[in-house]
Amino acid sequence: MEGNVYLAVAMIDSGNADSVILRWNGSRFVAFQSIATHGAYDWEWFSIGGDAFLAVANHQSGGSSDVDSVVYKWSRTTNGFEMYQRIGTHGAEHIEWFNINGQDFLAIANFYSSDSVIYQWQNSLFVPFQTVSNPAHAASWKWFALGRANYLALAYHHDSTEYNIASRIFQWNGTLFVPVQSVATQGAENWEWFSINGTNFLAVANSQDNGNYNVDSVVYQLSACS
């Protein structure tokens, strides 16, 4: 922004700790702006209509997971990020922005809720668009596209007793995201999509198998669902 490069660092803390935005000075990143966060797990940068935004997934505050996550907007007046919109979340761990056919969305993974929520940009605000039931604790979303088909992968970490939980992949049907595939995972923390020489892959970071941390993470080769 404004010809500069920035790095947002989320401070995961059980209390209320400031997270930090760093700016590249030509040789290293230096502190630029501190933002009050609450057990922040993730930052997501995106741009809508020429405006730059930064959203933080706040996980908990004072032992409560019912804490707002916040969207900040870059201010050319103050030369920094200013609070723009609060979104009620429940132990948020990840925020994913994506655009489909000119429509902007934010998907938020709520770790301590029976639902995760996809929001749509309408009239300059994000409003609830689709609720996805969580059969287990939701850890992260990942949007990706294969040709004209759009997908969201949702990683599930564990339920009340088990870390061997199937994570799910959803496909956009033109109106909503519908589940199209379940993938066996073990305490899944994160998804990552990437492409090599035109071949698409989706990697999942597995964390544990009911206390055993010596588990494989997996890379899948992708083909579009019919």
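**Exercise 1. Which residues form a nonpolar patch on the surface, and with about what accessible area together?**

Solution. The structure is a predicted model. The patch consists of Val5, Leu7, Val9, Met11, Trp24 and Phe29. Together these residues have about 470 Å² of accessible area. One of them, Val9, is found in strand S1, residues 6-9.

**Exercise 2. Describe the pairing of strands S2 and S3 and the hairpin they make.**

Solution. Step 1: strand S2 covers residues 18-24 and strand S3 covers residues 29-36. Step 2: the two pair in the antiparallel sense, over seven bridges. Step 3: Leu22 has Ala31 in S3 as its bridge partner. Step 4: four residues lie between the strands of this hairpin, and Gly26 takes a positive phi near 110°.

**Exercise 3. Identify the largest nonpolar core and the strands that supply it.**

Solution. Step 1: the largest nonpolar core has 17 residues. Those with the most contacts inside it are Phe98, Ile118, Val132, Trp141, Leu154, Tyr156 and Phe177. Step 2: strands S8, S9, S12, S13 and S14 each supply at least two residues of this core. Step 3: another core, of 14 residues, lies apart from it and includes Phe53, Ala55, Ile108 and Val117. Step 4: for Leu154, the contacts beyond four places in sequence include Val132, Trp141, Phe170 and Trp191.

**Exercise 4. Trace the salt bridges of Lys142 and classify the residues as buried or partly exposed.**

Solution. Step 1: Lys142 meets Glu96 in a salt bridge, 3.9 Å from N to O. Glu96 lies in strand S8 and Lys142 in strand S12, so this pair ties together parts that are 46 residues apart in sequence. Step 2: Lys142 also meets Glu192 in a salt bridge, at 3.8 Å from N to O. Glu192 is in strand S16, residues 188-196, and is 50 residues from Lys142. Step 3: buried means under 20% relative accessible area. Glu96, at 6%, is therefore buried, and Lys142, at 16%, is buried too. Glu192 is partly exposed, with 37%.

**Exercise 5. Which parts of the chain does the Arg76 and Asp51 salt bridge tie together?**

Solution. Step 1: the closest N and O atoms of Arg76 and Asp51 are 3.7 Å apart. Step 2: Arg76 lies in the loop between strands S6 and S7, and Asp51 in strand S5, so the pair joins parts that are 25 residues apart in sequence. Step 3: Arg76 is exposed, with a relative accessible area of 56%, whereas Asp51 is partly exposed, with 23%. Step 4: Asp51, Lys73 and Arg76 are linked in a network of salt bridges.

Notes
Residues numbered from 1 in each chain as written. Predicted model: local features only at pLDDT ≥ 70, side-chain atom pairs only at ≥ 80, totals over all residues. Heavy atoms only, no water. Pairing = 2+ DSSP bridges. Core = buried A, V, L, I, M, F, W, Y, C linked by side-chain atoms within 4.5 Å. Buried < 20%, exposed > 50% of the residue type's maximum accessible area, 1.4 Å probe, protein only. Contact = heavy atoms within 4.5 Å. Patch = residues over 30% accessible without salt bridge, like charges linked within 9 Å, V, L, I, M, F, W, Y side chains within 5 Å. Areas by Shrake-Rupley, 256 points an atom, 1.4 Å probe, with all protein chains shown as cover. Salt bridge = Lys/Arg side-chain N within 4 Å of Asp/Glu carboxyl O.
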